[in-house]
Amino acid sequence: MSTVATATAGEAQVHAGHDDRSFIRKYIFSTDHKVIGIQFLFMSLFFLVLGGLLAMGMRWQLAFPSDPAHPLPGGSLLPETMVNAGIVLPEFYNSMVTMHGTIMIFFAIMPLLVGVYANYLIPLQIGAPDMAFPRLNMASFWLAVPAAILILAGFFVEGGHAGAGWTSYPPLSVESGYSGVYNGQVLWTLSIIILGFSSLMGAVNYITTVVNMRAPGMTWFRLPLATWALFITAILILLAVPVLTGALILLLFDQVLGTAFYKPDAGGQPLLWQHLFWFFGHPEVYILILPAMGFVSEIIANGSRKPVFGYKAMVIAMISISFLGWIVWGHHMFQSGMNPLLGASFMASTMVIAVPSAIKTFNWLGTMWRGDIHFHTPMLNAMAFVGMFVIGGLSGVFLASTPVDVQLHDTYFVVAHIHYVLFGGSLFAIFAAITFWFPKMFGRMMNETLGKVHFALTFVFFNLVFFPMHRLGSNGMMRRISDPTQYEHLQAFQPTNRMISMWAFALFAAQLIFAFNFFWSLFRGKKAGPNPWRANTLEWSTPSPPPHGNFATTPVVYRGPYEYSSPESDEDYLPQDRPPAERPTPAPEPVPAGG
Amino acid sequence: MSQAATLALESRQPMPGIGVYNQKFGMWVFLLSEVMFFTGLIGSYIILRFAHPDAFTEPGRVLNVPLTAANTFILIVSSVTMVKAFAAIELGDQRGLRRWLLATVLLGAVFLSIQGVEYVKLAEHGFVPMVASYAAEGAPLYGMTFYTLTGFHGAHVTIGVLCMIFVTVKAFRGRYSQADHGGVEVMGLYWHFVDLVWIILFTIVYLI
């Protein structure tokens, strides 16, 4: 079998024991997975704020629809084609809706879950010095940057940014005559295509690294659940993103080349886009939740000082969710006119996914049961994930039922569902993960008091904002509508909308606490040792932050990742790489007299 | 713990993994994503075509099937020469490696040239991708699906030929040996994939 030489001159330089890299090679164009993870962190936090601002714009409009007495704050800074005399124009509202969704999903949540933590955690948790393809990893980040530039550029072009929803259905996304948008839509399409390449490169790296570079003793069923989750997510990305890329390319051709893949009058089919998009779109939502589930498993075990209940079941549940996720995409298209029998099959498979999700939920509860629970900030956020994810999952069961979906499709009931799983789920898990791994990344702790205050306010305001949307939706408030009061049956709900907006402004303001905590702690946080959370996984055996190359010597793994409160240890944790204590050899039996 | 894990523990080497070195495994994983990409495109072609069969006149009326069939054969032969190159370096035969890599590059370039010539000929007859300016037989659907599908395949072949040139130059500089020639193997994997996609494309677009 052929062999491949892997060490480059640069790596040899470092393995010699000292780091001769220049500032640019160390912090800008770095191949170190930790640096790349942190680069993704800063980029995605920026987009998280931008996505939040867009939501605030939407909520202002919904609170005071086209009300000259309440002009949009900052609206005077925007051109008259977007905000006229303080009033948000419907076309701009459509752009805000579109870009809020697009930015949150593609530029905030996905990079936060995968770009940051797959990069940062995988090599550390498996005991590897870096990823399998460090230069490809660097390319993956730097390809995301032009994608980010393109998506920002769309705000500044004539006609405004894309306005066809994050789902970009044709013909609206193709015909500028319908949407009023041309350049912005093209920039949107191009940006997501490029971002897709960045994701794919990352996925190839994560999969190869986990399969091939685990330290001695790190068998598959000793992997931390965070790594399992990120590994499975990488496989989903690998298989789903190319389908989206193909669909987007056809969309781009329709937009700029005059083809008609999706234009019905020339023989194309808008439904083709819907199938291609949702075939990607459903695995995409599992991409958005699985890593979060992995982090929550780590943090709940750590906070409860107990092993994860049913580790193997957790792994099998994640694998089942990812398998089943490929055969449910039609539940996003129940109202597209499909054969009811086909609808029934999608309904059945969608309901089945609830089973492994429920297994995971009960296992998190089982982990906490009778544990020695430490209610630190990551633990609080992780517990919130479990509760909010259950609510989001339950609303999902209503939507999965095809006849019920007739009433609920494209209403605020769906908005409630997606925000319970994406904010209540993924974002709380992200807050937990950022707080938990902050000391490892930056060598300092985040402030615990600020963390708890942020958590409490976010939790309360989040529920006040999104829970009422269930009722709004089931009473007929449709999505993506800039002025609900134009419909008589919605006028009675205007006070609810206004109240939701007030709580939304409070929710956004509460995030300032997190932002302050994050940046202040970077410089003034309490210095952290290698293992401030008394955890077991391999990353806690390195200094905080770890050096280039991670481990001075390759770690050796002797046990699973959740040996908390183990009888074999004096403390309530037992790191994976601590050698087992020597068992004293028993004294030999005395030989009986007489032979 | 498995026996492989025990051995890994004792030898302090990483876990055995999949028993395939990183670059080769990475290429297989990447090719899996390419399968999904081409499946999406080919699936779209099938859906669009069989929704409007009248818009797609029999391939032979517009497309030059015999020429493209010969071109298919050329691409298949280039896969054979690629295998010969790999076999050569497995035995340490540097001259054989260079010879067969050069042959593969040339055959790949010939494939692209013939495809390019066919594109020009079709355009001259008015068979173009755009809806507005389509003038020849069939309807706009035919042109756009044909060019998109074959165009993306052609783009992949082009990238393959460029990488192949890079590998050939390395071979001529003696950078591969019997012990260390992973680059040739990984290049070969990509090339065979591109060939396989073409066989499927040719069947669906030209023959059926």
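## Two helical chains and a shared contact

B:Glu185 sits in helix α7 of chain B, which covers residues 182–207. Before going further, note that this is a predicted model. B:Glu185 has 19 C-beta neighbours inside 10 Å, so it counts as partly exposed; the buried class starts at 20. Compare its place in sequence with its place in space: B:Glu185 and B:Leu32 are 153 residues apart along the chain, and their C-alpha atoms are 17 Å apart.

### The chains overall

What does the secondary structure of chain B come to? It comes to seven helices and zero strands, so reading along the sequence just gives α-α-α-α-α-α-α. Chain A, in turn, has 18 helices and two strands.

Here are the basic values for the two chains.

| Chain | Residues | Radius of gyration | C-alpha span along principal axes | Buried residues |
|---|---|---|---|---|
| Chain A | 595 residues | 25 Å | about 105 × 55 × 55 Å | 55% |
| Chain B | 208 residues | 21 Å | about 70 × 45 × 25 Å | 36% |

For chain A, the radius of gyration agrees with the globule estimate, because a compact globule with 595 residues would come out near 25 Å and chain A has 25 Å. Chain B is another story: a compact globule of 208 residues would have a value near 17 Å, but chain B has 21 Å.

Now for the contacts inside each chain, counting pairs at least 6 apart in sequence. In chain A, 81% of these join residues at least 24 apart. In chain B, 75% of them do.

### Where the chains meet

How many residues does each chain put into the contact? Chain A gives 41 residues and chain B gives 44 residues. On the side of chain A that touches chain B, the elements giving two or more residues are α7, α8 (225–256) and α9 (270–304) of chain A. The largest share of that side comes from α8(A), with nine residues. Sorted by class, the side of chain A that touches chain B has 26 nonpolar, 14 polar and one charged residues.

### Helix α7 of chain A and its partners

Helix α7 of chain A, one of the elements on the side that touches chain B, also packs against other helices of its own chain. Two packed helices are described by the angle between their axes and the distance between the axes.

Take α5(A) to start with. Helix α5 (residues 134–153) of chain A packs on α7(A) at an angle of about 165 degrees, with the axes 8 Å apart. Angles over 145 degrees count as roughly antiparallel, and α5(A) and α7(A) are therefore roughly antiparallel to each other. The crossing of α5(A) past α7(A) is left-handed. On the α5(A) side, the contact residues include A:Leu136, A:Ser140, A:Leu143, A:Ala147 and A:Ile151, while the α7(A) side includes A:Trp188, A:Ile194, A:Phe197, A:Ser198 and A:Met201. By class, the residues of this contact between α5(A) and α7(A) split into 16 nonpolar, six polar and no charged.

A:Ser198 gives a residue-level view of that packing. Is A:Ser198 of α7(A) buried or exposed? A:Ser198 has 23 C-beta neighbours inside 10 Å and therefore counts as buried. If you leave aside neighbours within four places in sequence, A:Ser198 is in contact with A:Ser140, A:Leu143, A:Ala144 and A:Ala147. Those four residues are also listed among the α5(A) residues that make the helix contact. A:Phe141 is 57 residues away from A:Ser198 along the chain, yet their C-alpha atoms are separated by 6.8 Å.

The other partner is α4(A). Helix α4 (residues 90–126) of chain A and helix α7 (residues 183–212) of chain A have axes that come within 11 Å and cross at roughly 20 degrees. Under 35 degrees counts as roughly parallel, so α4(A) and α7(A) are roughly parallel to each other. The crossing of α4(A) past α7(A) is left-handed. Among the residues that meet here are A:Phe106, A:Val114, A:Ala118 and A:Ile122 from α4(A), and A:Trp188, A:Ile192, A:Leu195 and A:Tyr206 from α7(A). The contact of α4(A) with α7(A) divides into eleven nonpolar, four polar and no charged residues.

A:Trp188 of α7(A) turns up in the contact with α4(A) and in the contact with α5(A). A:Leu195 is likewise listed for α4(A) and for α5(A).

Methods. Residues numbered from 1 in each chain as written. Chains lettered and ligands numbered in written order. Predicted model: local features only at pLDDT ≥ 70, side-chain atom pairs only at ≥ 80, totals over all residues. Axes fitted to C-alpha atoms, helices over the stretch in contact; angles between N-to-C directions. Parallel < 35°, antiparallel > 145°, perpendicular 65-115°, else oblique. Left-handed = near helix turned anticlockwise from the far one by under 90°. Contact = placed C-beta atoms within 7 Å. Nonpolar A, V, L, I, M, F, W, Y, C, P; charged D, E, K, R; others polar. Buried ≥ 20, exposed ≤ 12 C-beta atoms within 10 Å, placed from the backbone. Rg over C-alpha atoms; globule rule 2.2 N^0.38 Å.
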